[in-house]
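Me: I have a structure open and would like to go through it with you piece by piece. Could you help me read it?

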Amino acid sequence: MWKPDRSTRKPIYQQITDYMERRISFGEFPPGSVLPSERKLANLLGVNRSTVVLAYEELRASGIVESAQGSGTRVTKHKWGLTPKQTPNWKTYVEGGTFLPNLPFIRRIREELRKKTGIIDFASGELSNDLFPADTIRNLLQEHPFLGQLGYEDPQGYRPLRQTLVSFLEEHLQIQSTDASILITSGSQQSLYLITQCLLSPNDAVAIEDPSYSYSLPMFQSAGLRLFRLPVDEHGINPEDMITLYRQHRIRMIFLNPNFQNPTGSIMATERRIRLLEIASDLGIPIVEDDPFTLTALDGNPPPTLKSLDKTGNVLYIGSLSKIAASGLRIGWLLAPQTVVDRLTDARQQMDFGLSTIPQWIAEQFISEGHFENHLKALRRELEKKRNEMVRGLQTIMGDYMSYTLPQGGLNLWCKINREVDDFKLLDEAIKRGVLFVPGSVYGSDQGHIRISYARPHFDEILPGLCYLKEALDIHCK
């Protein structure tokens, strides 16, 4: 956020006057809108209230703002001298459109991560920087200079990468595919976005898990879809619930994360997978399998994917490097029938003409030369150490405050707080103490659940972070 420059000769109140005038002229404060109170703006800018009073007096003298007893300071509704032309009311544009903003909790967490350094991050569902294969990527770039062309790439994706993925997915996940059935995306969320925008229509009914990462994504509501939930227990969803939902709402598509489910960490039982595939085939319903975590199985034996068991072509399979290698590469993939791939590729071409060639080339080298496999072995060891440290901390620091299920893979722990809590107030107390988590209500759960990541914080931050979280609980649960 902007702050006055105390090293210049220009008075601070005048700097604030100019700053607020710019924001008004740019339409951030449209005509008639209320400005922050003098006290609030002073706190935000780190100045005395009297300094803001002087700045507002300057704006009033210029006819830019006006004040009335009991209604605060407002931007004047008429055209004022310094900006003779009408500016757009950007507030109405920002609040318009069909693409909804992120949930308030998510926006709050991201805002805190942007503005604070040193905060312990149990919220972000990604690896810590020391778990990225940064040295390997640097060596690849040094040893294999990029000699490819820099024009637009095939919007379906860099073909050598698609060919490499065919072999990799068959070897490690027993998934059969062809390079023609793979679309390279900029991550799992782009795959989900393309599916919701291109394969479904407003008012279609879709089924998601409860709780579910999908619940936290406004893209489903932005597409006008109706969401219906399938409860998750320690063995995943109950396939028979799908029959009931279909009869009641004519479900058009099912979105699942069967392995190390986000946020619960559960693994769907094999017999349930088989039964679900039978039901989906009988009803002719596609299943979207979002699979960011299977390869993080800590014992090195990944559970089967739905796609590897699919005999009728009902499963659209989504994977990526984001959660298990390098989120910054922005490499994901979608396996689907070629007619679906062609449709989504056409939409992708309209959006961005396809992903940059360079990260796709890096990903192909990383996988084909065996670096990815070596990285996964090291990653599992480090994730297990972090998970065990977090479990040790929960046992020694939290006592009977929390209960949890021990995950065998993934990046997170799903915890139940054994007290009555208010999600917003608990998060606020945790932020004051320098630690972040994701409230369970973000995923559609009842209050009293939280998701804490053991992958994102560094190892030596885990126990201090849990101590801060315990302090927040002590204050909140008095």
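Me: What is the strand order in the open sheet of four strands?
Reply: In this predicted model, the four strands run in the order 12-13-16-15, and their pairing is antiparallel. The edges of that sheet are strand 12 and strand 15 (438-439), each of which pairs on one side only.

Me: How many bridges join strand 13 and strand 16?
Reply: Strand 13 pairs with strand 16, residues 449-453, over five bridges in the antiparallel sense. As an example you can look up, Leu413 has Ile452 in strand 16 as its bridge partner.

Me: Ok, now helix 16, which of its residues are buried?
Reply: Helix 16 covers residues 423-432, and its buried residues are Asp423, Leu426, Leu427, Glu429, Ala430 and Ile431.

Me: And what covers them?
Reply: The cover over the buried residues of helix 16 includes helix 5, strand 14 (435-436) and helix 17 (462-476), and it also includes strand 13 and strand 15, two strands that you have already met in the four-stranded sheet.

Me: What happens at the two ends of helix 16?
Reply: At the N-terminal end, Asp422 acts as a cap, with a side-chain oxygen 3.0 Å from the backbone nitrogen of Phe424. Just after the helix, Gly434 takes a positive phi of about 90°.

Me: Switching topic, what is the order in the open sheet of eight strands?
Reply: That sheet has the order 4-11-10-9-8-5-6-7, and its pairing is mixed. Strand 4 (182-185) and strand 7 (236-237) are at the edges with a single partner strand each, so one side of each has no neighbour in the sheet.

Me: Are strand 5 and strand 8 parallel or antiparallel?
Reply: Strand 5, residues 205-210, and strand 8, residues 253-256, pair in the parallel sense over three bridges. Within that pairing, Ile208 has Phe255 in strand 8 as its bridge partner.

Me: Now pockets, what volume does the largest one have?
Reply: The largest pocket has a volume of about 970 Å³. It is lined by 38 residues, and the closest to its centre are Arg110, Gly125, Gln189, Tyr213 and Lys323. The elements that give two or more residues to this lining are helix 5 (104-115) and helix 8 (188-198).

Me: How does that lining split by class?
Reply: The lining of the largest pocket has 17 nonpolar, 13 polar and eight charged residues.

Me: What about the second largest pocket, which residues lie nearest its centre?
Reply: Asp233, Glu234, Thr264, Thr405 and Trp414 lie nearest the centre, out of 21 lining residues, and the volume of this second largest pocket is about 380 Å³.

Me: Which element gives the most to that lining?
Reply: Strand 13 gives the most to the lining of the second largest pocket, with three residues, and strand 13 is also part of the four-stranded sheet. By class, the lining of this pocket has eight nonpolar, nine polar and four charged residues.

Me: Last thing, how many cavities of 30 Å³ or more are there?
Reply: A search of the whole structure finds five cavities of 30 Å³ or more. The second largest cavity has a volume of about 80 Å³, and among its 14 lining residues Leu173, Asp291, Leu295, Tyr317 and Ile324 lie nearest the centre. Helix 7 (159-173) and strand 10 (315-320) are the elements that give two or more residues to the lining of this second largest cavity.

Me: And by class? 
Reply: The lining of the second largest cavity has ten nonpolar, three polar and one charged residues.

Terms used
Residues are numbered from 1 along each chain as its sequence is written. This is a predicted model: local features need pLDDT of at least 70, side-chain atom pairs count only at pLDDT 80 or more; totals for chains, interfaces and linings use all residues. Side-chain values use heavy atoms; hydrogens and water are left out. On a 1 Å grid over the protein atoms alone, a cavity is a set of points where a 1.4 Å probe fits but cannot get out, and a pocket is an open set with protein on both sides within 12 Å along at least five of seven lines; lining residues have an atom within 4 Å of a point. Grid points are joined across faces, edges and corners, and a volume is the space filled by probe spheres set on the points. Ala, Val, Leu, Ile, Met, Phe, Trp, Tyr, Cys and Pro count as nonpolar, Asp, Glu, Lys and Arg as charged, and the others, Gly among them, as polar. Two strands pair if DSSP finds at least two bridges between them. Buried means under 20% relative accessible area, exposed over 50%, partly exposed in between (1.4 Å probe, protein chains only). Contact means heavy atoms within 4.5 Å. A polar contact is a pair of N or O atoms within 3.5 Å; within protein, one must be able to donate a hydrogen and the other to accept it, and residues adjacent in sequence count only if both atoms are side-chain atoms.
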